[in-house]
Amino acid sequence: MKLTKALFDEIVAQAKSELPDESCGYVLGHDGIADTNFPMTNADHSPEHFSFIPQEQFAAVKYARNNGLQVIGNWHSHPSSPSRPSEEDIRLAYDANITYFILSLADTEPVLNAFSIREGKAEKLPLEIAD
């Protein structure tokens, strides 16, 4: 999986601006390159979990379709915990065909990892952040 540096920077900026709550969005792109953030609202407004607003999910899919993009996955931040799926993240992963990106702001430098979550198991995927 490749993610542009510009997208990484945008996700980090959004997540920092929404502290102390978790932040979230959809990752869009094409040809295996993630380059577009579709910011979403954390309906829970919580530092420990998030929920998408269904209307925003539909808007993200429509935006992707109208702009020749694919929904590659979704992302959310962990303001004070590591960049790995929590038990709740795994339990709520509903689509085995997308990538789940988790951004940790717990350390000095932000850490973003990508995961495949299938049948209750999370597998870390290779992730390259490049220009």
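**Exercise 1. A serine in a strand**

In which strand is S116 found? Then work out whether S116 is buried or exposed, and list its contacts.

*Solution.* A word first: the model is predicted.

Step 1. Look up the secondary structure: S116 belongs to strand β6, which covers residues 111-118.

Step 2. Check the accessibility. The relative value for S116 is 8%, so S116 counts as buried, the cut-off being under 20%.

Step 3. Search for polar partners. The side chain of S116 makes a polar contact of 2.5 Å with the side chain of R118.

Step 4. Leave out residues up to four places away in sequence; S116 then touches K121, A122, E123 and L125.

**Exercise 2. The largest pocket**

Describe the largest pocket: what is its volume, which residues are closest to its centre, and which elements each supply at least two residues of the lining?

*Solution.*

Step 1. The volume of the largest pocket comes to about 260 Å³.

Step 2. There are 20 lining residues, and those closest to the centre are F50, F52, D89, L92 and A93.

Step 3. Sort the lining by element: at least two residues come from each of β4 (70-78), α3 (87-92) and β5 (99-104).

Step 4. Sort the lining by class: nine residues are nonpolar, seven are polar and four are charged.

**Exercise 3. An aspartate of the pocket lining**

Place D89 in its helix, and find which residue's side chain is joined to that of D89 by a polar contact of 3.2 Å.

*Solution.*

Step 1. D89 sits in helix α3, and it is among the residues closest to the centre of the largest pocket.

Step 2. With a relative accessibility of 11%, D89 counts as buried, because the limit for buried is under 20%.

Step 3. The polar contact of 3.2 Å runs between the side chains of D89 and H78.

Step 4. Widen the search to contacts beyond four places in sequence: D89 touches F50, H76, H78, R84, I102 and I117.

Step 5. For a longer distance, take V61, which is 28 residues from D89 along the chain; the two C-alpha atoms are separated by 21 Å.

**Exercise 4. Aromatic pairs**

How many aromatic pairs does a search of the whole structure find? Classify the pair F38 and Y63, and the pair F50 and F52.

*Solution.*

Step 1. The search gives three aromatic pairs.

Step 2. For F38 and Y63, the ring centres are 5.7 Å apart and the planes meet at 50 degrees, so this pair is tilted.

Step 3. Place the partners: F38 is in strand β3 (residues 33-40) and Y63 is in helix α2 (residues 54-66), so the pair ties together parts 25 residues apart in sequence.

Step 4. Check the exposure of each partner. F38, at 17% relative accessibility, counts as buried, whereas Y63, at 36%, counts as partly exposed.

Step 5. Turn to F50 and F52: their centres are 5.2 Å apart with 75 degrees between the planes, and the pair is edge-to-face. Both F50 and F52 are buried.

Step 6. Follow the ring pairs onward, and Y26, F50 and F52 are linked into a cluster.

Step 7. Now look at Q57, a residue of helix α2 that touches Y26, M40, F52 and Y94, residues up to four places away in sequence not being counted. Q57 has a relative accessible area of 18%, so it is buried.

**Exercise 5. Backbone features**

Where is the cis peptide bond that leads to P20, and what sign of phi do D31 and E119 have?

*Solution.*

Step 1. Recall the usual case: most residues other than glycine have a negative phi, and most peptide bonds are trans.

Step 2. The bond from L19 to P20 is cis, with omega near 10 degrees. P20 is in the loop between α1 and β2 (24-30).

Step 3. D31 is not a glycine, yet its phi is positive, about 55 degrees. D31 lies in the loop between β2 and β3 and, at 72% relative accessibility, counts as exposed.

Step 4. E119 also is not a glycine and has a positive phi, about 50 degrees. E119 is in the loop between β6 and β7 (121-125), and its relative accessible area of 83% makes it exposed.

Definitions and conventions:
Residues numbered from 1 in each chain as written. Predicted model: local features only at pLDDT ≥ 70, side-chain atom pairs only at ≥ 80, totals over all residues. Heavy atoms only, no water. Helix = DSSP H or I, 4+ residues; strand = E, 2+ residues; numbered from the N terminus. Buried < 20%, exposed > 50% of the residue type's maximum accessible area, 1.4 Å probe, protein only. Polar contact = N/O pair within 3.5 Å; in protein donor to acceptor, adjacent residues only side chain to side chain. Contact = heavy atoms within 4.5 Å. 1 Å grid on protein atoms, 1.4 Å probe; cavity = no way out; pocket = protein on both sides within 12 Å on 5 of 7 lines; lining within 4 Å. Points joined across faces, edges and corners; volume = space filled by probe spheres on them. Nonpolar A, V, L, I, M, F, W, Y, C, P; charged D, E, K, R; others polar. Phe/Tyr/Trp six-rings, centres within 6.5 Å; stacked < 30°, edge-to-face > 60°.
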